[in-house]
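Let's take a friendly walk through a protein chain together. Have a look at the sequence and the 3D view before reading on.

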Amino acid sequence: MRLGIISALADEQQGLVEAMEGPSRLVHGQREYFVGRLWKIDAVCVLSRIGKVAAAMTATTLVEKFGVTHIVFTGVAGAGDKSIRVGDIVVAESLVQHDMDASPLFPRFEVPLTGQTHFLGDHHLGQQLVSAAQWFLNHGLEDAISEAERNVFSLTQPRVHHGLVASGDQFMNDKARLAQLNDDLPGLVAVEMEGAAVAQVCHELGVPCAVIRAISDNANENAATDFMRFVKSVAAQYAFHIVRRFCYQ
Ligand code: ADE
């Protein structure tokens, strides 16, 4: 197994490159790829930057140039539903590109000529991430995040969800738009900007992939402020501890 680990932003992947044993740094397509041993796993860590094209390019490069056999995307997301709270963790069961609309030529959300609207996350990887996330919330949260920070974000009883993640080239900060998307995509648990692009690439290349996200905001009018606060202080802790647990499983 060679695991590709993608995050959009440095804050979402802090500590992982530092935890690698003697990583080599390779630059390709204006991105830095760090290749080395991460705890027990042969891994390649990279920042995709934000958006579906950036994520697709990065996932393709990981497979075609770096030979990864599995991909995990880790980062933050907006809550896809009122029942999902900031601090919860979401693992994608399936992913959809919410801004894909070639209707009336093809049904809304269908990626033209693939016959698919939804792309599945790998079941086994997903289960491993769910259990690593559960472990972190039950045993690691108090050590990783100070009480003050937990209080700021009301991280009292965060939960893990497994469900539908929607990706689009849009930062979602509008309650009405989210409600509309909720009607159009039942079972939505998170909105973000990369996961479904990675899932499509991995589907086409036959590589298992998984997407795990900490909820940073409610995708409403306060989303940008909440996002900035969460990503700066908490997101890195989530990614680091969950990926470490995952690598040791
Ligand atoms: N990532 C984190 N929060 C998000 C939001 N509200 N919309 C899109 N991507 C996000």
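We will start with the whole chain, then visit one helix and one residue, and end at the ligand.

Keep in mind from the start that this is a predicted model. If you trace the chain from end to end, you will meet eight helices and ten strands. Measured out along its principal axes, the C-alpha trace covers about 50 × 45 × 30 Å. How does the radius of gyration of the chain agree with that of a compact globule? For 249 residues, such a globule would have a value near 18 Å, and the chain has 17 Å, so the two agree.

Now think about the inside of the fold. Of the 249 residues, 49% count as buried. Contacts tell us about the folding too: among those with a separation of 6 or more, 78% join residues that are 24 or more positions apart.

A database record adds a label here. UniProt, in an unreviewed entry, lists residues 3–246 as "domain: Nucleoside phosphorylase". In the model, this span is 36% helix and 30% strand, and its end C-alpha atoms lie 11 Å apart.

Let's zoom in on helix 6, which runs over residues 195–205. Is this helix mostly covered or mostly open? It is mostly covered, with eight of its eleven residues buried. Among these buried residues are G195, A196, Q200 and C202. After the helix comes G206, which has a positive phi, near 70°.

One residue of helix 6 deserves a closer look: V201. Why does V201 count as buried? A residue is called buried when 20 or more other C-beta atoms lie within 10 Å of its own, and V201 has 24 of them, so it qualifies. Leaving aside residues up to four places away in sequence, V201 touches A56, A59 and T60. By contrast, the C-alpha atom of A133, 68 residues away along the chain, is separated from that of V201 by 25 Å.

Our last stop is the ligand. Around the ligand there are 14 residues, and G78, M172, E192, A219 and A223 come nearest. Which elements supply at least two residues each to this shell? They are strand 5 (70–79), strand 9 (188–192), strand 10 (209–217) and helix 7 (223–233). Strand 5 gives the most, with three residues. Sorted by class, the shell has nine nonpolar, three polar and two charged residues.

Technical notes: Residues numbered from 1 in each chain as written. Predicted model: local features only at pLDDT ≥ 70, side-chain atom pairs only at ≥ 80, totals over all residues. Near = placed C-beta within 6 Å. Helix = DSSP H or I, 4+ residues; strand = E, 2+ residues; numbered from the N terminus. Nonpolar A, V, L, I, M, F, W, Y, C, P; charged D, E, K, R; others polar. Rg over C-alpha atoms; globule rule 2.2 N^0.38 Å. Buried ≥ 20, exposed ≤ 12 C-beta atoms within 10 Å, placed from the backbone. Contact = placed C-beta atoms within 7 Å. UniProt positions renumbered as here; feature names shortened; annotations may be inferred.
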